[in-house]
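Let's take a walk through this one, a stop at a time. Keep the viewer open and follow along.

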Amino acid sequence: MNSTVSMASMSSYAILGCGSVGHAVAEELVAGEKDVLILDRDEGRVEALRDQDLNARTADIREAAAVEAVADRDVILILSSDVEANRVAVENIRENAENKFIIARASDPVTADELREDGADVVINPSAVIADSALRALEQGELEYRAAKLAEVIDGGETLAILAHRSPGPDSIASAVALQAIADSRGVEADILYEGEIGHQENRAFVNLLGIELTSLDDADLEAYDTLALVDCAKASDPVVEKDVDIFIDHFEPEVDYNATFQDIRPNVSSTSTILTKYVQEFDLSLPEAVATALLYGIRAETLDFKRDTTPADLTAAAYLYPFADHDTLEQVESPSMSPETLDVLAEAIRNRQVKGSHLVSNAGFIRDRDALSQAAQHLLNLEGITTSAVFAIADDTIYLAARSKDIRMNIGKVLGDAFDDVGEVVGHSTDASAKIPLGIFTGLEISGDNRETLLQLTEEAVRSKLFEAMGVESGSGGEGSNGN
């Protein structure tokens with residue numbers, strides 16, 4: 001097609017072969033007040049089309065007369081059920097007019113490729129179109145059914161507790177915010193609860209800038225709520241709560257069977273925020289800016305800004321949310337300022353890094369700001385050739401460790417669990433995890449000011465060894481030394 005011809009300038013159309021498909025297209029175009037010419041070799045069909053006040057002529061689409069008849073048309077739709085006739089028509093028209101926009105009908109992927117080679121700009125396969133339409137209708141019907149069931153469970157109570165996963169990240173928080181908005185729209189009071197800490201600096205900025213109200217589970221009484229929802233909690237290896245669960249929504253298969261009244265588990269999408277966005281659309285919520293911003297950030301964070309395991313559903317959800325989101329706030333969340341101590345921790349982690357293959361482990365020494373470890377692990381993950389990073393340090397009488405991974409073959413949460421579950425507490429999932437280990441239990445030494453450096457040395461050797469072993473890397477293999485050379 002000639003690049004100087006734009007779709008906006010196309011105002012005249014020709015349909016070659018007017019069976020059921022061609023007739024349906026003709027009716028839509030005429031309804032849109034388009035100038036349409038129909039060519040078909042069946043005289044009876046042509047007469048019937050004329051009776052409907054359609055501009056139709058008798059012609060064999062394989063012959064030169066058909067080419068002449070459509071010479072003044074911008075768009076040629078070749079829609080005969082005879083695919084071989086369609087091929088001949090495409091060849092003839094393209095040979096005589098390079099600037100025509102040609103749409104041709106195929107019967108299967110092979111004939112589709114042949115029609116493209118012959119010069120068709122767009123190829124359609126009616127059976128594939130019908131199948132795609134049927135699947136979209138099925139998906140929409142299933143969503144309507146699920147939304148009705150979700151509404152039924154929410155409406156069954158007056159108070160809803162929404163529990164995010166331990167030390168929740170953006171996807172979990174955003175999903176909880178969206179479910180809270182759905183509950184509020186139905187007159188049900190909902191609170192977002194969490195265990196652990198909102199640790200990472202970006203996560204705290206996310207919560208603070210959007211004014212998200214979260215309540216620590218330690219300060220809440222689950223028995224005071226008549227409905228309980230878990231969002232993005234599938235990766236917990238132990239039950240998150242002992243109480244019966246009414247709603248469970250996640251994009252991972254749960255490791256614990258909660259037997260919830262309502263479940264929506266979709267491993268075919270990459271974030272729980274994507275699932276909740278679909279419900280926001282289905283409930284036709286008047287979307288608050290904060291909710292849209294949270295969901296968009298949740299999708300972006302979980303897919304590493306659409307660079308990891310992103311599905312069409314994630315992109316569609318993000319496209320829907322984009323116009324409603326506060327992008328200035330998103331920029332503030334994604335680019336938090338770095339404190340001097342965080343910079344010092346990062347510098348120490350860079351200096352002490354050790355690399356085995358594409359896995360990096362580093363010791364940041366003694367620290368005061370534990371959150372700096374998360375930022376250091378994320379920055380080190382951006383080094384060339386690194387797919388997994390882990391940074392540990394000592395604060396008070398505890399070893400703190402933050403790890404990140406973009407290696408699809410590795411679940412960093414499981415790696416930390418294998419290495420430290422027997423001596424400490426591990427939380428996280430496949431790409432983001434952390435550990436907290438009592439120093440005395442780990443080293444077997446009493447903690448005092450006199451043995452700080454000894455403790456650090458013992459910790460460094462033991463943690464590196466355990467991590468590399470859990471990663472499947474021999475700690476004695478080659479790699480960068482502690483000085484980074």
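Which residues of E1 lie on one side and which on the other, and are they buried or exposed? Before you click, bear in mind that this is a predicted model. On one side you'll find Ser12, Ala14 and Leu16, on the other Tyr13 and Ile15, and all of them are buried, leaving both faces of E1 covered. In a regular strand, side chains alternate between the two faces of the sheet. The tally for strand E1, residues 12-16, is 5 buried out of 5.

Now look at who sits beside E1. Strand E2 (residues 35-40) runs parallel to E1, and 5 bridges join the two. To get from E1 to E2 the chain goes through helix H1 (residues 20-31), and this β-α-β crossover is right-handed. Strand E4 (residues 75-78) also pairs with E1 in the parallel sense, over 4 bridges. Leucine 16 is a handy residue to zoom in on: it stands opposite leucine 39 in E2, and its bridge partner in E4 is isoleucine 78.

Next, the cysteines. Cysteine 18 has a relative accessible area of 3% and cysteine 233 one of 2%; with the cut-off for buried at under 20%, both therefore count as buried. As for disulfides, the count is 0.

On to the rings. The model has 5 aromatic pairs, and one of them is formed by phenylalanine 262 and tyrosine 279. Their geometry is edge-to-face, at 6.4 Å centre to centre with 70 degrees between the planes. Phenylalanine 262 belongs to strand E12 (residues 262-265) and tyrosine 279 to helix H9, so this pair ties together parts that are 17 residues apart in sequence. Both phenylalanine 262 and tyrosine 279 are buried. Phe283 joins in too: ring pairs link Phe262, Tyr279 and Phe283 into a cluster.

Last stop: leucine 287. You'll find this residue in the loop between helix H9 (272-282) and helix H10 (289-302). Is leucine 287 buried or exposed? Its relative accessibility is 13%, and because the cut-off for buried is under 20%, leucine 287 counts as buried. What is leucine 287 in contact with, leaving aside its neighbours within four places in sequence? The answer is Val280, Ala292, Tyr320, Leu321 and Phe324. For a C-alpha distance to check in your viewer, try leucine 287 to alanine 325: they are 38 residues apart in sequence and 9.5 Å apart in space.

Key. Residues are numbered from 1 along each chain as its sequence is written. This is a predicted model: local features need pLDDT of at least 70, side-chain atom pairs count only at pLDDT 80 or more; totals for chains, interfaces and linings use all residues. Side-chain values use heavy atoms; hydrogens and water are left out. Buried means under 20% relative accessible area, exposed over 50%, partly exposed in between (1.4 Å probe, protein chains only). Contact means heavy atoms within 4.5 Å. A disulfide is a pair of cysteine sulfur atoms within 2.5 Å. Two strands pair if DSSP finds at least two bridges between them. A crossover is right-handed if, with the strands pointing away from the viewer, the path from the first strand over the helix to the second runs clockwise. Rings of Phe, Tyr and Trp (its six-membered ring) pair if their centres lie within 6.5 Å; planes under 30 degrees apart count as stacked, over 60 as edge-to-face and the rest as tilted.
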